[in-house]
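Please open the model in a viewer and keep the sequence panel visible. This tour proceeds by selection, and each stop states what is found there.

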Amino acid sequence: MKKGLISLVAAASLICSTTLISTPSFAGTVQAKGNTEVTLYGFVRSMFSWNTQMSNDPDHSNMPIPDHYTYDYNKTKAQANALWSRLGLKFKNKDANLSGRIEGDFAHSSDFRLRLAYIKHDFCNFYVIVGQDWVIEEMHASIDPTAHHVAGFDEALKRQPQVQVGSKIDLGSADIDIALAFEYGAKKAVGKEVNRVVIPYPVARAVLHFNTGFGSPAQIYAWGSLIPVHITTGSLNDKSKTSYAFGTGIKLPVSILTFGFNYKYEYGAVGYAGLTNFSPKSWYDSNGAKATKTNAFNINLIVKPVSNIAIGAEYDSVEFKNNDVFANGDKPKVDTYLGIIKVKTTKYTTLAFEYRHIRAKKFDAIPDINVNDNDFSGNQIFVLCKYVF
């Protein structure tokens, strides 16, 4: 009896072992209806921060608190979250030349926020994207690894519903990506003065990739947007105006160094600068509609002494101008200095450290924002842990 029981257990164990070993793994790509391949992807990211004299919710801030805000002045706040963990599905149908994504995260706390949802149809030498994707103007110009980037380059409109057409042109030792889109982010680009949008605004972009012989291919880009809106501010009621913006930049790898420079200009469209607090209006009523003009630039450098370590530094500056409205003709300005260290701890995980010092000047020149401080600054420290799958 014992021998029979032992034999039965052994046989069962053998069957179970064989079943476990031979069961196929469905990690990665799976087959869906209509010959569509679906791939699960995403990452888990935890972010810890320490903020001194930073405004609003510190994890969502790139602006310091003015000194006269005595209840928060020179106080440190610690925060942590994992809300920007991301989950997405890529899909591809070779028979129909279709691909696309559905992607979300938890940035709104318990809500699952839709980030991307689009289809891409590939033709002979061009493509068409329909749905919500990254806007053409977003070039990820800062080396900052956090979810909320520095003043001047923390665009309010990162992803928007759109129709985009693009192509890649092969130039031999170089290639150029060109794209034209009609986007629906006018209210975020211009701001709260917009009371209606009649048409989607057109945007164009070109990105040149070329070999330099010094390392990885270099990149030069340029984009421009034209934003017709109707604004209501002061005595202006449903006034038809056209805002616009353009940007350009270069990314130049040389051996273990990567140099970057980016510039953007905005006319009546301060949303591209992305100040989290004390932002001026895009348009003011001053004997007619007067636009705020914005100049922003940054310069950065990344060094990779070994394959799994990157050290970087960046200087960002954004300045606002509206001689018809700002007191004394002042030009409010924000300067940000940051340093980062990224360590790739495994093939799938990264640990990142960042320090920022932010200084704001002449914001008391902007009407109706109650800053009353000509020069104020703050500091931030971030630690991020990210696992990509």
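Two strands are said to pair if DSSP finds at least two bridges between them. With that in mind, note that the structure is a predicted model, and begin with its strands.

**Stop 1: three paired strands**

Select β14 together with β17, which covers residues 293–306. These two strands run antiparallel and are joined by eleven bridges. To see one facing pair, display Asn262, which stands opposite Asn298 in β17.

Next, add strand β13, residues 236–254, to the selection; β14 itself spans residues 257–267. β13 and β14 also pair in the antiparallel sense, again over eleven bridges. Here Ala245 stands opposite Glu266 in β14. How many residues lie between β13 and β14 in their hairpin? There are two, and Ser255 in the turn has a positive phi of about 60 degrees.

**Stop 2: a salt bridge that starts from β14**

Keep β14 in view and display the side chains of Lys264 and Glu155. They meet in a salt bridge, with 2.5 Å from N to O. Lys264 belongs to strand β14, whereas Glu155 lies in the loop between β7 (127–134) and β8 (159–170), so that the pair, by its 109 residues of separation, links distant parts of the chain. Are these two residues buried or exposed? Both Lys264 and Glu155 are buried.

**Stop 3: further salt bridges**

The structure has eleven salt bridges by the rule applied here. Select Arg86 and Glu103, whose side chains meet at 3.7 Å, N to O. Arg86 is in strand β4 and Glu103 in strand β5, 17 residues apart. Glu103 is buried, with a relative accessible area of 3%. Now add Asp105, Arg113 and Arg115: together with Arg86 and Glu103, they are linked in a network of salt bridges.

Then move to Asp375 and Arg359, whose side chains form a salt bridge of 2.5 Å, N to O. Asp375 lies in strand β21 (residues 375–388) and Arg359 in strand β20, so the pair ties together parts that are 16 residues apart in sequence. Asp375 counts as partly exposed at 30% relative accessibility, and Arg359 is partly exposed at 35%.

**Stop 4: the nonpolar cores**

In soluble globular proteins, nonpolar side chains tend to be buried together. Select Ile227, Tyr272, Val334 and Phe363, the residues with the most contacts inside the largest nonpolar core, which has 57 residues. Strand β12 (residues 218–233) gives the most to this core, with five residues. Another core, of seven residues, lies apart from it; Met47, Ala107, Ala147 and Phe382 are among them.

**Stop 5: a nonpolar patch on the surface**

Switch to a surface display and select Leu40, Val44, Leu87, Leu89, Ile102, Phe106, Phe112, Leu114, Tyr348, Tyr387 and Phe389. These residues make a nonpolar surface patch of about 1,000 Å². Strands β2 (36–52), β4 (86–93), β5 (98–108) and β6 (111–122) each supply at least two residues of the patch. Tyr348 lies in the loop between β19 (333–344) and β20 (349–361); its relative accessible area is 46%, and it is partly exposed.

**Stop 6: cysteines**

Finally, select Cys124 and Cys385. Cys124 is exposed, with a relative accessible area of 84%, while Cys385 counts as partly exposed at 39%. How many disulfides are found in the whole structure? The search finds zero.

How values were computed:
Residues numbered from 1 in each chain as written. Predicted model: local features only at pLDDT ≥ 70, side-chain atom pairs only at ≥ 80, totals over all residues. Heavy atoms only, no water. Patch = residues over 30% accessible without salt bridge, like charges linked within 9 Å, V, L, I, M, F, W, Y side chains within 5 Å. Areas by Shrake-Rupley, 256 points an atom, 1.4 Å probe, with all protein chains shown as cover. Salt bridge = Lys/Arg side-chain N within 4 Å of Asp/Glu carboxyl O. Helix = DSSP H or I, 4+ residues; strand = E, 2+ residues; numbered from the N terminus. Buried < 20%, exposed > 50% of the residue type's maximum accessible area, 1.4 Å probe, protein only. Core = buried A, V, L, I, M, F, W, Y, C linked by side-chain atoms within 4.5 Å. Disulfide = S-S within 2.5 Å.
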